[in-house]
Protein chains: 2
Amino acid sequence: MKISLPPQTVLLPSPVLIIGTYCPDGKPNIMNAAWGGIASSKPPCISVSLREATLTFHNIMQTESFTVNFPSEKYFKEADLAGMISGREHDKFKLTNLTPEKSKLVNAPVVKEFPYALECKLVQHINLGMHTMFIGEIIGIAANEEILNSKQVPDIEKVRPIFWGSFGSSAYYNVGEKLGDAFAVGKELLPE
Amino acid sequence: MKISLPPQTVLLPSPVLIIGTYCPDGKPNIMNAAWGGIASSKPPCISVSLREATLTFHNIMQTESFTVNFPSEKYFKEADLAGMISGREHDKFKLTNLTPEKSKLVNAPVVKEFPYALECKLVQHINLGMHTMFIGEIIGIAANEEILNSKQVPDIEKVRPIFWGSFGSSAYYNVGEKLGDAFAVGKELLPE
């Protein structure tokens, strides 16, 4: 019998989404967001939920653009710092020694050192209470060539992404072992 | 210099969300969804995007309830099967040998063998094209006691969740090593 716990936002694992935006004065900024996920396949959309207190919230409202950058495991400290301080008081690119490159498709910066970024145009935003959900259409992907597989798609074993254990597991983890192929291993459970 | 790729929904890692619902005739069903994430902290909400073609879409529309169950790594084949076949033709609980238990809080089943489930009430649904995003308020959590930490919260190292590498990495993976504590390791990059 399961026991009942109070409601909490325990999603295991939670992604580490580094949101790139431009400030009104053109300064590039990054923040670390965990509340988000793919929202739709056609059109390809991603959602990211942000508090109104963040600089990124206001940057997206103004530019209607953002990037979602995925750090590889060697950048877990840089990712963490991007979630601890505000771009209002700090230049997070300088502090982390990361390099902003303007996206070719949207009005937002891409993190050069990270393996790939989704380039997004704001489609809608929905106020849900403490957080506002921003839904962005993925217009393109900016990727480092060495993390692609033979089909020219980012490969998880080359990207080596990190993720976050929310609530009570508040740490960064890397990818472990491959267990089996999706849309395939389940067949073993079907009767002959 | 990064290269440009066509837009695709590459989120690494993507969660494995096993959505529990009741059919109109009371039969419990599960499906495997990857498009979703936490949407808001207060109220605590999660989003899950589903195609209208799925049975789960219609079950949630009718019951306005669902659970989000997190399989531990030993259940990766069961999770995969739940994403390969439809509850319209198959009893997925029977085929996977998993056990439905009625949630104490919402009108949806919880998977007994999985470590924990978020119990959700539908708040709103938003048609985004191929997918409709369902936003559910997390009313409570049903958890197996042995996966909790000392603060009575699900612990990632006890849950041993799985995740999915979307697009070009279409396989299940488990959790690797802990890299460092969140909201902590970033400080090492700050000037003295």
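**Exercise 1. Place one residue**

Where is the place of A142(B)? Work out its strand, then its surroundings.

*Solution.* This is a predicted model: local features need pLDDT of at least 70, side-chain atom pairs count only at pLDDT 80 or more, and totals for chains, interfaces and linings use all residues. Residues are numbered from 1 along each chain as its sequence is written, while chains are lettered from A and ligands numbered from 1 in the order in which they are written.

Step 1. A142(B) sits in strand 11 of chain B. Strands (E, at least two residues) and helices (H or I, at least four) are DSSP runs, numbered from the N terminus.

Step 2. Count C-beta neighbours. A142(B) has 25 of them inside 10 Å, so A142(B) counts as buried. The cut-offs: buried means 20 or more other C-beta atoms within 10 Å, exposed means 12 or fewer, and partly exposed lies in between; C-beta atoms are placed from the backbone.

Step 3. List the contacts. Two residues are in contact if their C-beta atoms, placed from the backbone, lie within 7 Å. Leaving aside neighbours within four places in sequence, A142(B) touches K2(A), S4(A), S103(B), V110(B), Y116(B), A117(B) and E119(B).

Step 4. Compare sequence and space. A142(B) and K104(B) are 38 residues apart in sequence, and their C-alpha atoms are 8.5 Å apart.

**Exercise 2. Follow strand 11 across the chains**

How many bridges join strand 1 of chain A to strand 11 of chain B? Then trace strand 11 within chain A.

*Solution.* Step 1. Strand 1 (residues 3-5) of chain A and strand 11 (residues 131-143) of chain B are joined by 3 bridges and run antiparallel. Two strands pair if DSSP finds at least two bridges between them.

Step 2. Name a pair. I3(A) has A143(B) as its bridge partner.

Step 3. Turn to chain A. There, strands 10 and 11 pair antiparallel over 11 bridges. E119(A) of this pairing is matched with G140(A).

Step 4. Inspect the turn. The hairpin of strands 10 and 11 of chain A has 3 residues between the strands, and G129(A) takes a positive phi near 125 degrees.

Step 5. Extend the pairing. Strand 7 of chain A pairs with strand 10 of chain A over 6 bridges, also in the antiparallel sense. V68(A) has L118(A) as its partner.

**Exercise 3. Read the shared sheet**

What is the strand order of the open sheet of 6 strands?

*Solution.* Step 1. The order is 2(A)-12(A)-13(A)-13(B)-12(B)-2(B), with antiparallel pairing.

Step 2. Find the edges. Strand 2 (14-15) of chain A and strand 2 (14-15) of chain B each have a single partner strand, so one side of each is left without a neighbour in the sheet.

Step 3. Check the edge in chain A. Strand 2 of chain A is joined to strand 12 (residues 162-164) of chain A by 2 bridges. S14(A) stands opposite W164(A).

**Exercise 4. Relate the two chains**

Which rotation superposes chain A on chain B? Describe the contact as well.

*Solution.* Step 1. A rotation of 180 degrees with 0.0 Å of shift along its axis does it, at RMSD 0.0 Å. The fit is by least squares on C-alpha atoms of residues with pLDDT of at least 70 in both copies. The two copies are thus related as by a two-fold rotation axis.

Step 2. Of the residues of chain A, G176(A) comes closest to the axis, at 1.8 Å (C-alpha).

Step 3. Size the contact. Chain A gives 90 residues and chain B gives 90 residues. Strand 13 (residues 171-181) of chain A supplies the largest share of the chain A side, 11 residues.

**Exercise 5. Find the buried face of a helix**

Which residues of helix 1 of chain A are buried?

*Solution.* Step 1. In helix 1 (residues 55-63) of chain A, they are T56(A), F57(A), N59(A) and I60(A).

Step 2. Look down the axis. The buried residues fall within an arc of 170 degrees, so they line one face of the helix. The arc is that of the directions from the helix axis to the C-beta atoms.

Step 3. Name the packing partners. Among them are strand 3 (17-22), strand 4 (28-33) and strand 6 (45-51) of chain A.

Step 4. Step past the end. Just after helix 1 of chain A, E64(A) takes a positive phi of about 55 degrees.
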